[in-house]
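Welcome to this short briefing. Please take a look at the structure below before reading on.

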Amino acid sequence: MEQTTDWQPSDVQRERDVWRRRRTLRSAAIAALSTTLLVGTLAFAVVSSPGWERVQATYFHWPKAVDAFPAVVEGLWLNIRVMLVCAVLIVALSLTIAVMRTLRGPVAFPLRMIGTAYVDIFRGLPLLLVLFLLGFGGPALNLTGLPTSALFWGCAALVLSYSAYVAEVFRAGIESIHPSQRLAGRSLGLTYSQTLRHVVLPQAWRRVLPPLMNDLVSLQKDSGLIAVLGVVDAIRAAQIETARDFNYTPYVVAGFLFICLTIPMARLTDWYAKKQGFHGAGGML
Amino acid sequence: MNEPLLHMAGVRKAFGSHVVLRSVDLEIEPGQCVVLIGASGSGKSTLLRCVNLLEQVDDGVITFDGRDITDPRVDGDEVRSRMGMVFQSYNLFPHLDVLGNVTLALLKVHGVAREEARERGLAMLDRVGLAAKSAARPDDLSGGQQQRVAIARALVANPRLMLLDEVTSALDPELVGEVLDLLTDLKRDGVTMLLNTHEMGFARDVADQVCFLHDGTIHESGMPEQVLGDPRKDRTRAFLSRIRA
């Protein structure tokens, strides 16, 4: 195909372009105006409420925030480490469970059964309950070779609970790959597991990554739940700071920091989903 | 001579630096059947999609029913509701049964009452010979049947113009005939059609005008006997000899 570079837009096209640009500017102006109005009204409603001064003193006290910040950040660092370690373990365990559940043939029946039972149990149990059971029951078992720290057992509870959910996401991804892909793999002489490893899983992985990112954000917040076992994470640190003078500002600081962590992750998810491109043919519509 | 139903002048469409349509001029009168031919990637599908406003043209004017539809102020949905489009891979909605596919636009776009939509849908299915399949799911039909449903879906709201994009390319040879027969019927009933195809025999039989698309423009056009039988341009001759070989 010829690459013409000497093309100049016609008058009609120039007029259209001008109109489109004007419309874009107008849309942006309307968006800015309506946003200012809405946010302004909401802010005014909050600030002008009768109890605002007391709320401000209790929840938005700047010196207290500065005071509590180092302790909360230190706790948050623990949240981040817990999240990272758990995320890796969750991916490994859930992928195993998902593959176990998708195996075929009578020989694999016990594996399928174990996988199903695991998902049924840990998806049904509230996370807090698993934390209490493992966090207090685990160390009591006195298993040789396993640490008795609340941190270890708290992470174990998170991994077990989350893997049940994530395994289902993986399984949905695996099953969404069209059977013709398996046929094509097998027709090349790849074995069942080679087909799974080299053809099905890479495609399934790409498809489920956006929902998995969602679970990661969720895990980041739930990592705070291990505080119930006495581990000092960001929330627990804020609670300790609060207990000194019943000023709740440290909670706001912790909440703010959690949001600061999740927003980049959410944008990363959006970016990735967009890169995957679900607009295909006829992208205009 | 009639007022043209569709008029294209200097239509240009590029994807990034890749210029697909350089300058296309085309006229279709009511009741005419215009067939686009050309090599793979010559822009036949892009041209149809531009007419259906599925792609925004970079330049040029397309007039449909006396109105410039490339004007950005025009409501594209309204324009599309007066055209019918059929795709190479049918694009039926798998979650709806055959009648549901055919009546969706009548109910949601044209505001036809449920009972009347049902009657019109069934009548249209009868016309394409699939009245008995109205409750079937698209996946349970053969390719030829699916394509006939797609044609019924596009035709049921009495569009002024039918756009058919390689409608037989995905079909087994023995199923091509049933779809082409249907299109021949439509032509006889006076439906205006713009289509692209690789079926040269069909083009020769039904076309009022054959256009050879090459280098982003209509390289040669005329009566089918002339363009297909005795092409004037070397490029057209080379293309035709390649597909006959």
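Let's begin with one helix pair: H5(A) and H6(A) are oblique to each other, because their angle falls into none of the other classes (under 35 degrees is roughly parallel, over 145 roughly antiparallel, 65 to 115 roughly perpendicular, and the rest oblique). This is a predicted model, in which local features need pLDDT of at least 70 and side-chain atom pairs count only at pLDDT 80 or more, while totals for chains, interfaces and linings use all residues. Residues are numbered from 1 along each chain as its sequence is written, and chains are lettered from A and ligands numbered from 1 in the order in which they are written.

**Helix packing in chain A**

- Two packed helices are described by the angle between their axes and the distance between the axes.
- Helix H5 (residues 127–140) and helix H6 (residues 150–176) of chain A pack at about 140°, with axes 8 Å apart; axes are lines fitted to C-alpha atoms, for helices over the stretch in contact, and angles run from 0 to 180 degrees between N-to-C directions.
- The crossing of H5(A) and H6(A) is right-handed (the near helix is turned clockwise from the far one by less than a right angle; anticlockwise would be left-handed).
- On the H5(A) side, the contact (C-beta atoms, placed from the backbone, within 7 Å) includes A:Leu127, A:Val130 and A:Leu131, while the H6(A) side includes A:Trp153, A:Ala157 and A:Leu160.
- By class, this contact of H5(A) with H6(A) has ten nonpolar, four polar and no charged residues; Ala, Val, Leu, Ile, Met, Phe, Trp, Tyr, Cys and Pro count as nonpolar, Asp, Glu, Lys and Arg as charged, and the others, Gly among them, as polar.

**Chain A as a whole**

- Chain A has ten helices and zero strands; helices (H or I, at least four residues) and strands (E, at least two) are DSSP runs, numbered from the N terminus.
- The radius of gyration of chain A is 26 Å, well over the 19 Å that the globule rule gives for 285 residues, so chain A is more spread out than a compact globule; the radius is taken over C-alpha atoms, and the rule is 2.2 Å times the number of residues to the power 0.38.
- Along the principal axes, the C-alpha atoms of chain A fill a box of roughly 85 × 75 × 30 Å.
- Of its 285 residues, 25% count as buried (20 or more other C-beta atoms within 10 Å of a residue's own, with 12 or fewer meaning exposed and anything in between partly exposed; C-beta atoms are placed from the backbone).

**A loop residue in chain A**

- A:Gly105 sits in the loop between helix H3 (62–102) and helix H4 (109–124) of chain A.
- Is A:Gly105 buried or exposed? A:Gly105 counts as exposed, because it has 8 C-beta neighbours inside 10 Å.
- The C-alpha atoms of A:Gly105 and A:Glu74 are separated by 51 Å, and these residues are 31 apart along the chain.

**Chain B**

- Chain B comes to nine helices and ten strands.
- Its radius of gyration is 18 Å, close to the 18 Å from the globule rule for 245 residues, so chain B is as compact as a globular protein of that length.
- Buried residues make up 46% of the 245 residues in chain B.
- Helix H3 (residues 98–108) of chain B has buried residues including B:Val98, B:Leu99 and B:Leu106, and the buried residues of H3(B) pack against helix H4 (114–127) and helix H5 (143–155) of chain B.
- The axes of H5(B) and helix H6 (residues 173–188) of chain B come within 8 Å and cross at roughly 20°, which makes H5(B) roughly parallel to H6(B).

Methods:
Contact = placed C-beta atoms within 7 Å.
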